[in-house]
Structure formats: C-alpha cells, structure tokens
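Work through the exercises below with the model open. Try each task before reading its solution.

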Amino acid sequence: MNHLFSVLVLSFLALVAVGAQAQTHQLSGYIEDAANGEMLLGATLWCESVQAGTGTNAYGFYSIALPTGTHQLTVSYIGYTPQTYEIELSGDLKLDFKLSAGIAIDEAVVTGEAFNRIEDQVQMSKMEIPMDQVRRLPAIGGEVDLLKSLQLMPGVQSGGEGTSGLYVRGGSPDQNLIILDGVPLYSVSHLFGFFSVFNSDAVKQMTITKGGFPARFGGRLSSVLEVNMKDGNMKEVHGTANVSILASKFMVEGPIIEDKASFMLSGRRTYIDLIVNPIIASINKQNPDITTDPRYFFYDLNGKVNWRVGKRDRVYLSFFNGKDDFGLASTERFGVSQSSIDFGLDWFNSVAAARWNHEWTPKLFSNLTVTRSEYSFNTGIEFSVTENTASDSTTQRFNSLYRSGIVDHTARMDFNYALNNKHYLRFGGNLTLHRFNPGATTFQAEFGQEFPGIDTTLGAEQVRSTERFLYIEDEIRVSDQFRANIGLHGARLQVNGTSFTSLQPRVALNFRLLNGGALKVSYARMNQFVHLLTNEGLALPTDLWVPATDQVDPQSSQQWAAGWAKTFGEIECSVEGYYKFMDGLLSYREGASFSNTVNANWEEQVTQGIGTAYGFEFLFQKKQGRTTGWIGYTLSWAERQFDEINSGNWFPYTYDRRHDASVVLMHRFSDQIDFSATWVYGTGRALTLPESTFRAFVPSSFTGYTPALNGFDVEIPSAKNAYRTSPYHRADVSLTFLKTEKHYERSWIFSVYNLYNNLNPFFSLVDVNEDGSRTIREYGIFPIIPSIAWRAEF
Amino acid sequence: MKQLLFLLSLILGTTGCDKLSEGVVRDIDFPEHDPQIAVTFMARPIADTIVARAHSSAGILDSIGSKRIKEAVYTLENAAGNSITWGGEADWVQGLGHVLTDVELEDGNWTLTVEAPEFETVTAAQVMPPRIDSTGSYAYAYTAIVEDEFLEEEESEDAYVARTIDFTLTLPDRSDAADYFLVRAQKSFNWDDFEEEEEAEYDGYVVLNPRVEDDPRIEWNQPCRGYLIQDIDAVEALNSLPFELYQEAWGPELEVISAEPIVLEVCAISAEMAQYYKRLDLINNPSGGPLFTEPVLAYSNVSSGYGCFGLYTSSTLILSFE
C-alpha cells in the first residue's frame, strides 16, 4: 500500500510541475439556479474564444484557465435557459453564474458549441434522466420510482415484474454502488423490492455509470448510481405534497438564513396497513375464536441542511432513514386454551453525512465527507400456548429472532485541481470501517414452571474490516480531437488478519470525428470487497451482506467498452459495445439457502465462480422540447461458471436477457396537460425447472439378511437456468392535468400500468391438476392497474 | 372530459380487478421427456441376497411417474472377466425387486451393465472399498461409556429403559485415498414406526448424534437415516469422533429391555455412493423450501441414465449391556 501511495503522489507532483509552467488566469465559481440558489451539477461553461469548456463538479463548482483578454462565455444546463456573458479577464476571477429554469416549450436549446453534448464527454456509459422527466413517467399506483425509471435505459434491467432492483450489464444487484449524497446504501428497496427508498420529490439529480468508471469510483463492479438530494431553497419556502393510492409524501424546503443557509425535509409513508386493517377486523368478527392481524408499512425520511459558511466554504448535513415492517399475528382460542403465532420481518436503513467543501485556491477545490451508514434486517417468530384453569395459568412459549446487518463509518477526502485547460485532476482517499453482522439467531423458550427454559444465541460472529482506497485521475485534453481520462485506483481491505490489495487502472479515450461525432473506448478494472448472498429466485430482504474474508475472495472485474456518440439536432445517439469478465462471484452452494445461514457459518454455504457479460446498447434520447423521451435497445449475453454448481458447466445468468427494449414518450400538450407513455420488452428470465423424476432407493439396512429397498420419488431439475419465462412486455400511460391555484399548483395524475393487460411472469410452479395431471404454470401478479394521484406544489 | 376520464377509469379498474380475481396464470409448453433407466444397486462383498431396482425416469408432467422395469437384466463384471447376470421376470420378487442371491464379490473394479427393451443400455463402474471391521488393516475402534441410565418398572405398565452413552469412534483414514463412511443406528428413531397400528411387545429406538455442531466431517443424511462421514485433508482426521448415543426401550420385562443391545452399522462406502446420497438428501429436503433453495442436480454414476451403482463394505458394531 505504501508503494501504491508513493506512485500516486509522484504522479500528482509530476503533473503539478508541468502545470506550473503555464501562464493563465483562473476563472472559478459556482453555477446555481437563479430562483432557489440550488447548485447545478454538471452545468457547463464554454469559452468561444479559446474553444475550451468545463463543467461543474458534484457541488456546482467550476474552474477554468483562460488567457488575459475579453472572453464570451456560454453557461448552460439541461432544462435551463442558456446565458451568454462577456468578461474581461486580467487576473484570477471568482464569478458565480445563475441560470433560470424553464425553457419555453417550443424553444430549441441553444447548444452551439456547448460542452455537455454526449460526444464531448470523455466519460462513456454514463446516463442521466432529468428529474423533471422522472416525475412525469407513468408509475404503478401513482408512486414514481427513480430506480424503475433507470430500468428503462439500455444496459439496465429490472429483476422482474414490479421490482426496483438494478441488473447492469450482466451484473448482480450488489455490484451497483448506490450513493446518496456521497454515502453508499446497502438496501434500496421498500415493499419487498417493489419500490426504491428514494423519494423523487427530494432528489435533485441522478446519474448512472455502467462502465468506463473514473478512478474516483470504486468498491463495486457493475455500476455507480449517484443520487443527490436537493440542497434546499435559499430564497423562499416551497414544498410539494403528493397523495397516491399506495403512499403519501411531502417535501418542504426553504431558507434558514436567506442566501446563506437552507433546509430540505421530505417524508413518505405507505398506508397499506390503514386500508387493510379494517377489512381484516371485519373478517375477524365472523369467527371470534380466530383472529388474524397482518401489518405492513414503510416510511422514509430525508433531511438536509446546507450552509454557506463563507465565500470559500460550504457545509452540508444530511440524513436518511427508511424502514419496512411486515408482520402476521394469529390467535386461536379453543376452550380454556389459546395458541398464538406471531411472525415479523423488518429492515431498516439509516444514513447520516456531514460534508465540508473548501475552495483552497481558484484551482483547488476539496470536499471532506464523514458518514455513518447502517442497514439491519431482523426476522422473528414466536409461538405460544396458554392453558387456563380455574386456579392457574400455564404458558409455553418459543421464540427465535434472527438479526443481521452492516454498519459503516467512513471518512473521505476528494480534491479537484484544475491544473490548466489540458489537465483536470481529481485525487483523494477514503477510509471505511465496516462492521458486518452476517446473522445471529437468539432462541428463547419457556416450557412452564416444571421445566427449565432455553435462552441461547447461535450463528456467525461479527466481522470487522477496514477498507481504504486512494485514487488519482486526470482528464486530459490532448488536442481538440482527442481527450482522455486516465486514472489509478488502489484499494486495500483488512479483515480477520488477512488483507487484499488491488490496483485498478482506468482509461477512457474520446476521439472526435470529422463529422462531429465521437468514438469512445474505455477500460476499467474494478474490485469489490463485499458480497450479497442471495437466492436468485426471489429478491428478499433476507439477502445477506457479507465481507470478503480469509475464506471468501473479493469480487473483481475487467470491462472493455467501445462506442460511438453524436448529437443530431436535439437527439443524442449512442451505440456502445462492452465485454466484462468477473471473478470471485459468490453464490449459495446447490441446496443451500438463507435458512442455512441462520444456524451455521455462512462461509460454508457458499461457492465462488466467474462470469462474463457482453453486448451492444443503442440509445436515442431527446431531453428537451415539447416532446421528449428515448428509445433504448440492448442485445446482451451474461453467463456464469461455478465449479460446484451445474456440474461445473457454464450457465446463463438468471438475468441474462438477449433483447431488452424500451420506448419512452413524453409530450406536453399545453401548460395544463401532460402525457407520457412507456413500452418495454425483455427476453424471458432464465430459470431452472424440475424436468423429470425417477424412483430412488435406499437399503433399509446395510448389513444383515435381505435388506429391503425403501423407495421414494426424486425430482430432477433441469440444467441451471436451462429454461426461460415468457418474454416480458408492458405498456404504461399517464395523463397529468395541471392547474395553477392562488397559492399553489395542483396536478391530477391518471395512470394505467400494464395498459393491454399482458400476463408478465413473476414465478413458475409445477401444479397438480384435479385429474392428477401436472402442468407447469407461470404466475403473474400485476394485471392492468389504473391509479390516480394528486400532487400539489407551493 | 372529466366524465370521459371517470368512465375510462371505471372500465380499466373493473377489467383489472376481474383479471386479478381470476389469478394471472399461463400454462407453459414443456418438451417431451425421453425416458432413461434409473438404477439402484448397492452391493457389499458377501451377502445372502442383494436387491437391484431399475425404473424408467419420467417427465415432470407425467402423472404416472417413474415405472419399474421388470424386464431389466443386470450384468456385473469384474476386471478379470468374471461376471454375474440376473434380472428379468424370473428374478423379480414382488415388493423387493430383482434379487441376486449368494453374493460373493471380490475386491477390485466392477462394472454393472443394465439392459432393458426400449431403453438405452446403461453402465456404471465401481471399486470395492477396503473391508471394514473391528480388526484388520482397515479397522475402526470405539469407546462407549454409559453416562446416564434410567430404569422404570411398574406393575400396571411396560418397563422402560433410557440410556445416554458417550460414544467415541475412530475410523480408518488412508493417507493415499479419500475415505467415506456411513454410520447409522440399526433401530433408529422414526415417527412412521409410531404411526403403525400394531405395536410390538418389545420396542425401542436409538438416536446417534455428534457432540460437535457443524463438524464438516460429519453430515446427517435423511434418506440413509445415518451420518455420512468423510476424511478431510489431514491424516488421521477421523480419530476420536465424539458422538452421543441415546437409547430408549420398553416392554413387559425389565430384564429383557435393559439388556437390549445397541446395534450400529459401520460402512465404508465409495465416493460415488456418498455423493449420490448427499444429493438425494439435498433434493428431498430443501433447506429453504422449494422456492428459496438453490436447485440441486441429481448425481449419478450411471452413464446415460439415473441412479447409482454403489459398492460398500460393512460391519455390525454391537454395544451389549449386562
């Protein structure tokens, strides 16, 4: 690790030495929303006279080196009116720009030589859906979901009907680094995966990177999803309220001190329990001896405080809490006795972050992030039997409680250094202390007064590990036609007296073509020190986060990608091909499941293997104007091989999807009526089905005279993932009516999920029919579902 | 416009609810199954009779299921060319299968061939494991100490005995080969025995349990109702395996039941046999239920077929009580 550090430091010093020779002035500052002071991330600044540009970083900060003289600057951002400024530069200058949102509907965007066209970006395999578009997409139950909107992009697939899991370029869901305001989240699902934890009203921006990862990212193999919460309105108090058939949510933001400090608070809660409970209560009245009491709710709460401490310093404090609680209790009375069973399942996410931005010089910007992240999953069951007599009452009780989870404490420092117009450096480091609880079960039992009780805990012990990384990357403008981002990410994990070190080179190249398009190629080596132990059949919160240990290797990958990108008028087109090789993939052994980990060491239940994923992605996207949307198509293959699974033979990954297509259309008829529609198609999911049976026998005795054979039927599954479900396809539409009232703007949102009522398979079973014949059936869960939601903005 | 939207919502809502109440289901076409021979033949070197079974495999949608093949003919041949042939209708014993009598198998390699009309002929090969016994070059050893004993005799009821025994077993462990064993109580506990209507005059059961939880060498196997034991890495890895034996017996005479011996079967089995039984157990007893357990492929050492041809040697270990 010391050697790695030396390499990184020397690289940095060499670049600084080169940059010190240049004679220019530095123009730096922030680009923000004129109406609310919200920082604009990824906004661009283009200088016509020197044919150079730059973009704002994750905190809205930009820095560009320009020669002495008069310069014409164009500042632009998606969904905002571009502004052109003329400045006289004779020394370093700090200048903040303010952009106004809302381009007139018919107005074409003045991109000119804007810097943020897809062909200008060195970074490839990166996609962004503007939040304005996310909120307009049709949504199941009227509940807009960020992750489901991402599933409409090429290379990003869903796990199944209604679920919000992301499967990126043949990777597993645990291979996505999901960062909320700089803090990695481990579980991002509500309602068993049907919704993500992100409240769309609280989110300012989200971007997903599927390949060509810059060196500042690490720790996951397949994607980086950055979600940034709103900073809070610096000017005046605003908010939103949203009521749908599944949940209600609110967001309120405003200044604490105008233009100095602001806050944002948002919350969401489902009321499925409030709807279902009265129905259950009326059913219970029909038979007072049997009562059933189901419960389910989820909530999430986001908060953020943004404080501009001085001209060079900003501080952000943010938190996120989210919980799902599911349970089912049943009581049955018979005579003087009563038996009851109570089953519960809950999972909880808690994140807190403090960030400090400091502008050391016009060229050097830093961000220090200190975070705490906790994910816990608990499930328990209690049985009890009570017998009452005239003089006495005896209760026998048994309960078990299973707990697992992970707690991270992280400190991270990032620097942005605008060395000159040819080199933009990013470097920094990260230290994370992980505390894994891979599962422990407490058993308690009472057998009445005459017998001793049980109180014992079984399962894996806590595992503590230390993960650190250093990185340096340089965005290099070699010439007007050739730009590159070259970096190195070095990571190290220490766990149980063992350490793993990895050096991960990253390269992204952009060649501008004479016709205005660009050819891009990238290579990234990634390493991942955590695994998600999951059964591939259904995504459940019982999925277990476990670390790499002395017995379980980390995951690693190498991804090569090449692509072409060009903007035709308002339409961005891109075609990318990729090949990814993954090593150290983790899976349960054949016959193992979550329940094995409850009482036994999880390391003995797993096996490791390799995987490949390759394919082509096509995207045609229109982000602005009256009509917006995109068409995406992916042709891909994803296969895996484990020595101890499927007899060591390669098999298709569960989410290997040969064809995946999506069409998204949004049209604003007027200021009052907005329409959106989506259509998706995907090749059926790979699955293993029971294929045949035979009668097996075991001798009743292995010694003695004439041992008989005890026979039983054995179901033989097919080769791993040898079958496919039917293809998935679905259309959704949404129609929104907006009206401006005196103090607020309200919307009625009518949407229809699965418009043409297609049966999309969720799971498959072998059913025995009444006549004894057998049939394999696919079961869907969501037919056509109309819904209505109400939204207000003030 | 509002009326139109209301009407549209009503139609869509009704359609959706109707579909939901029906259940959203679609039948899947499934390829036709090509039946293959599924063989079970587990043989030891010397036995009065050994039973072989051949069944046809069946497709998962076949409601009749796996059927016995009475016409199956088995040929067992060793490396020296000596062979035994049996099977067909003549050797079929109802309730048992194809019975081979007066078995005497030599050490070494054996190949089983099973032929049946309309089926592809299948073969399987095995090596006879070393002959296990309480003495000799491939011997086990044990110690047994009665830890606890409870005797009860009442005039109106059966006498009753319960014993707990500290049992330590050492199994042979070759340095140049992997060793696999099956150890089971001959009269193991089985709920089905208690559900039978007629109760025997004298009865009881024995439970064998390892004293160390999650010992990777020892694995319970439900189909065999015993423990599969395997040497792992180290030489003499199977020294002093700690077990607990629990015996219950009841009957009219205390003297008789208190002298009831515990009989254990100690078998040296082939690797293929161990693998076959492990897989059968995983398939039949999914740890997380059928939906949440990683599917298990059936193991077979039968070419182009299912089942297992296994060779084992066995010894009876008797713990007597005076």
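**Exercise 1.** How many bridges join strand β6 of chain B to β7(B), and do the two run parallel or antiparallel?

*Solution.* Start with the ground rules. This is a predicted model: local features need pLDDT of at least 70, side-chain atom pairs count only at pLDDT 80 or more, and totals for chains, interfaces and linings use all residues. Residues are numbered from 1 along each chain as its sequence is written, while chains are lettered from A and ligands numbered from 1 in the order in which they are written.

Strands are DSSP runs of E with at least two residues, helices are runs of H or I with at least four, and both are numbered from the N terminus. Two strands pair if DSSP finds at least two bridges between them. Strand β6(B) covers residues 73–78. Five bridges join β6(B) to β7(B), and they run antiparallel. One pair to locate: B:E77 has B:S83 in β7(B) as its bridge partner.

**Exercise 2.** Extend the sheet: in what order do the four strands of chain B lie?

*Solution.* Step one: go from β6(B) to β10(B), residues 109–115. Six bridges join them, antiparallel. Here B:Y74 stands opposite B:V114.

Step two: go from β10(B) to β11(B). Again six bridges, again antiparallel. B:V114 has B:V122 as its bridge partner in β11(B). The two strands form a hairpin with six residues between them, and B:E118 in the turn has a positive phi of about 70 degrees.

Step three: assemble. The order is β7-β6-β10-β11, an open antiparallel sheet. β7 (83–87) and β11 (122–127) of chain B are at the edges with a single partner strand each, so one side of each has no neighbour in the sheet.

**Exercise 3.** Check helix α4 of chain B: what should its 14 residues span?

*Solution.* The helix covers residues 271–284. Take 1.5 Å times one less than the number of residues. The expected span is 20 Å, and the end C-alpha atoms are 20 Å apart, which agrees.

Now burial. A residue is buried if 20 or more other C-beta atoms, placed from the backbone, lie within 10 Å of its own. In α4(B), 10 of the 14 residues are buried, so the helix is largely enclosed by the rest of the structure. Among them are B:M273, B:Y277 and B:L280.

**Exercise 4.** Which strand of chain A is joined to β4 of chain B?

*Solution.* It is β42(A), residues 690–699. Two bridges join it to β4(B), residues 58–59, antiparallel. The bridge partner of A:T693 is B:A58.

Terms used:
Buried ≥ 20, exposed ≤ 12 C-beta atoms within 10 Å, placed from the backbone.
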